[in-house]
Amino acid sequence: MTAPAPTVTSLEIMPAYGQSENRRKVDPVLADLILAGQSAQAYVLDGMRTVAGTAIGVNGAGTTAIDQNVPATGLAGFTSPDVAPSFTALMARAARWRDAGQGQRGVIIGDNGFGGQLIDAWDINNPTNPVGRNQLYWMREAKRLADSMQIGLSCPYVWLFQGTSAKDDPGADYRARFDTAHGQTLAQAESLFGARPRLIVVVNGGDVNTIGDLYATPATQYRIGLDYDGIIATWQRAYPIEDRNIHINGQAQLLIGETAEWAMAETEAGHAWNITYQVMKSGAQVVVGFDLRPGETLLNRAGLYDSFGGAATCPHYGFEADGGIVGVQPDLQGDSVTITLANPAAGWLRFAHQVQDCAAMADAAGMTMSAHRTTLFGSHSRASRYLPGETLWRSLPGFRGTFQGDIFRPEDGT
């Protein structure tokens with residue numbers, strides 16, 4: 001059966017590199033909050049099947065190949081009880097259009113990723129994993145259907161919330177594999193839509209126990225976001241974890257998606273979003289500067305870890321240095337932090353990149369927080385659209401690197 005034609009006149013699609021943290025949570029209560037008032041703006045591809053004959057819904061085919069001999073039959077309304085960061089970002093985007101009187105603009109929702117997959121899964125030349133081939137076919141089918149309905153379809157963004165599977169891989173290895181897969185997505189989008197989408201990044205990591213793990217992916221993804229002129233929406237470490245491992249609950253997924261859409265909206269309005277950093281050292285004194293937005297300062301959310309092990313798990317606002325730190329003084333009315341090193345010849349410095357086990361540090365609901373910690377944020381915030389009493393925050397970039405004399409060499413390679 002062919003699904004009824006959408007009522008919108010334009011649609012957006014967003015391919016995604018997403019593994020378990022970006023995979024949907026079945027939460028009808030949260031889903032209803034997102035769907036309220038905008039169901040006529042969100043759609044999914046209908047009619048596709050896997051090579052095993054299983055119908056494919058909004059959550060994709062996983063690691064089973066889509067049967068490319070079975071075309072999509074239409075665009076069905078998105079009515080899923082699922083919550084996922086990329087879903088929420090697009091739904092919040094549609095809600096913003098609706099608020100602006102642009103209810104004729106809509107989105108196509110879909111996630112072709114799967115839990116535990118390396119970024120290699122999105123390489124269409126991967127002989128054993130069809131995730132990348134599935135995603136590009138999904139994009140092609142969406143364009144074919146939109147054209148047949150005379151609906152304009154665009155692809156302004158591609159989503160990256162992936163990387164836990166690579167927490168023990170060198171950053172350069174992850175980067176090389178990402179570049180390969182991402183290059184294929186960009187080429188497909190340019191061929192179909194006439195333009196390359198902008199990368200939007202939720203920086204991965206870390207889990208509640210980072211002892212023994214390399215965790216090069218955060219710095220690598222930060223650099224990927226900048227190098228591709230992308231938007232670094234937020235950092236996963238700023239959100240509670242539900243399983244004493246790495247996974248966030250539906251509420252955190254919703255807040256991440258909302259924050260990403262806030263980042264999209266600000267960038268589209270010509271406002272700066274990405275926060276970058278600089279490290280300047282002179283002997284025992286180090287000044288870390290953060291490039292904040294006009295009118296923004298640093299903010300210390302002092303009680304952030306009170307229920308998750310307390311301040312002892314995040315000394316010196318999350319800064320650590322070779323040989324120790326005598327003191328840290330943030331300029332909370334400005335954009336810098338001054339650090340006094342115990343060892344003027346310190347070999348390394350890191351921020352929000354701790355090696356520690358916080359797995360036992362749970363609140364009354366059993367939630368934990370990442371081992372990567374800081375209480376410092378950008379001061380600009382906004383209220384959640386969907387969750388009363390919750391706030392969207394701007395996370396500072398975490399980093400680690402080495403000193404050569406007074407010169408700082410960040411791990412991300414700049």
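## Charge, fold and helix H1 in a predicted model

In this predicted model, the protein chain carries 30 positive and 41 negative side chains, and the centres of these two sets are 3 Å apart.

The secondary structure of the protein chain comprises six helices and 22 strands. With a radius of gyration of 22 Å, close to the 22 Å that the globule rule gives for 414 residues, the chain is as compact as a globular protein of that length. Along the principal axes, its C-alpha atoms fill a box of roughly 70 × 45 × 40 Å. Among contacts in the protein chain with a separation of 6 or more, 77% join residues 24 or more positions apart.

The following values describe burial and surface for the protein chain.

| Property of the protein chain | Value |
|---|---|
| Residues that count as buried | 56% of the 414 residues |
| Exposed area | about 15,300 Å² |
| Part of the exposed area supplied by carbon and sulfur atoms | 50% |

Helix H1, which spans residues 28-35, shows how burial is arranged around one element: Leu30, Ala31, Ile34 and Leu35 are buried in this helix. Because these residues cover an arc of only 135° around the axis, they lie on the same side of H1. Val29 and Asp32, by contrast, are exposed and sit on the face of H1 that is turned away from its buried side. The cover over the buried residues of H1 includes strand E6 (82-83), together with helix H2 (85-99) and helix H6 (250-268).

Notes: Residues are numbered from 1 along each chain as its sequence is written. This is a predicted model: local features need pLDDT of at least 70, side-chain atom pairs count only at pLDDT 80 or more; totals for chains, interfaces and linings use all residues. Side-chain values use heavy atoms; hydrogens and water are left out. Helices (H or I, at least four residues) and strands (E, at least two) are DSSP runs, numbered from the N terminus. The radius of gyration is taken over C-alpha atoms; the globule rule is 2.2 Å times the number of residues to the power 0.38. Buried means under 20% relative accessible area, exposed over 50%, partly exposed in between (1.4 Å probe, protein chains only). Contact means heavy atoms within 4.5 Å. Accessible areas come from the Shrake-Rupley method with a 1.4 Å probe; for residues, only the protein chains shown count as cover. Lys and Arg count as positive and Asp and Glu as negative; His and the chain ends are not counted. The place of a charge is taken as NZ of Lys, CZ of Arg, CG of Asp or CD of Glu. The arc is that of the directions from the helix axis to the C-beta atoms.
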